[in-house]
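Colleague: Got a minute to go through this one with me? I'd like to hear the reasoning behind the labels.

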Amino acid sequence: MADQLETLKQLQRLDGELYQLRKTQQDKPRELDQVNAQLAAQEAKVRTADEGLKKLQLAQKDREVELQTREGQVKKLQGQLFQVKTNKEYSALQREIDTLKADNSLLEESILRGFDAVDQAGKARQQEQGHLAKAQERTKVERQRIEQEQAVLEDQIGRLERERQGLVPDVPREALTMYERILVIRDGLALVPLLESSCGGCHRRLPPQVVNEVYLKAKLVMCESCSRILYFDEAHSKL
Ligand SMILES: [Zn+2]
């Protein structure tokens, strides 16, 4: 029984490590998701900036076409000035031309402001593009880091599992099944030392009879509260 407990202690050391490593391994896909989400967010910012720029450019084009049309109208009316017969008609036409010209100069101002807006939107887009380039670089580095960490974890887990396989035949089937069942329900900790007269897993105080049984090492003794297997060693337990 003492030998069996010694083997279980070695198993627990490996299984504790394996539990932590597998937990870290399970977090890796989430880390990768975060990295990908950050990149996607920056890609979306570039798209938004791009759409904003294109909208402004189109509006600017529309204004320019409109100005050309209106300037054509002014020219046409100016041509008609030579054909009118009366002063009254001439003045009316001239007023129409003046109104059109005033409108056009407002449109020209708006076109000038439009150039500034397009310019600024272009700079904003460029800036987001720059951020995207950095985000892509960062993503590449992060993906490599995560892949590398995953490879190291797999390696460590494989090594511990092989070491574990070497120990398993030394534990009787029934004890191993019990130990492994507790391992699953108690987050990778199935075997705990006696801490004075308390359980090293849940820290509940144990009845003297249970403590004695642990001390005797005649059979596997479980904590009544957390079901973990208890063992006694000099380093942890003082009786
Ligand atoms: Zn306990």
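Colleague: Which residues of helix α4 are buried?

Modeller: Keep in mind that this is a predicted model. In α4, which covers residues 208-216, the buried ones are V210, V211 and V214. Buried means under 20% relative accessible area.

Colleague: What makes them line one face of the helix?

Modeller: Look down the axis of α4: its buried residues fall within an arc of 100°, so they line one face. An α-helix has 3.6 residues a turn, so residues three or four places apart point the same way. On the other side of α4, P208, Q209 and L216 are exposed, and exposed means over 50%.

Colleague: What do the buried residues of α4 pack against?

Modeller: They pack against β1 (191-195), β3 (221-222) and β4 (229-231). Just after α4, K217 takes a positive phi of about 55°.

Colleague: How do you know which atoms coordinate the zinc ion?

Modeller: Donors have to lie within 2.8 Å of the metal. The SG atoms of C199, C202, C223 and C226 sit at 2.2 to 2.4 Å, so they count as donors. Along the chain, their spacing is C-x2-C-x20-C-x2-C. The pair C199 and C223 links distant parts of the chain, 24 residues apart: C199 is in strand β2 (residues 198-199), C223 in the loop between β3 and β4. Both C199 and C223 are buried.

Colleague: And why is the site of the zinc ion called tetrahedral?

Modeller: Four donors count as tetrahedral if all angles lie between 85 and 135 degrees. Here the angles among the four donor atoms are 102 to 115°, so the site is tetrahedral.

Methods. Residues numbered from 1 in each chain as written. Predicted model: local features only at pLDDT ≥ 70, side-chain atom pairs only at ≥ 80, totals over all residues. Heavy atoms only, no water. Buried < 20%, exposed > 50% of the residue type's maximum accessible area, 1.4 Å probe, protein only. Helix = DSSP H or I, 4+ residues; strand = E, 2+ residues; numbered from the N terminus. Arc of directions from axis to C-beta. Contact = heavy atoms within 4.5 Å. Donors = N, O, S within 2.8 Å, 3.2 Å for Na, K, Ca; no water. Tetrahedral: all angles 85-135°; square planar, octahedral: opposite > 155°, others 65-115°.
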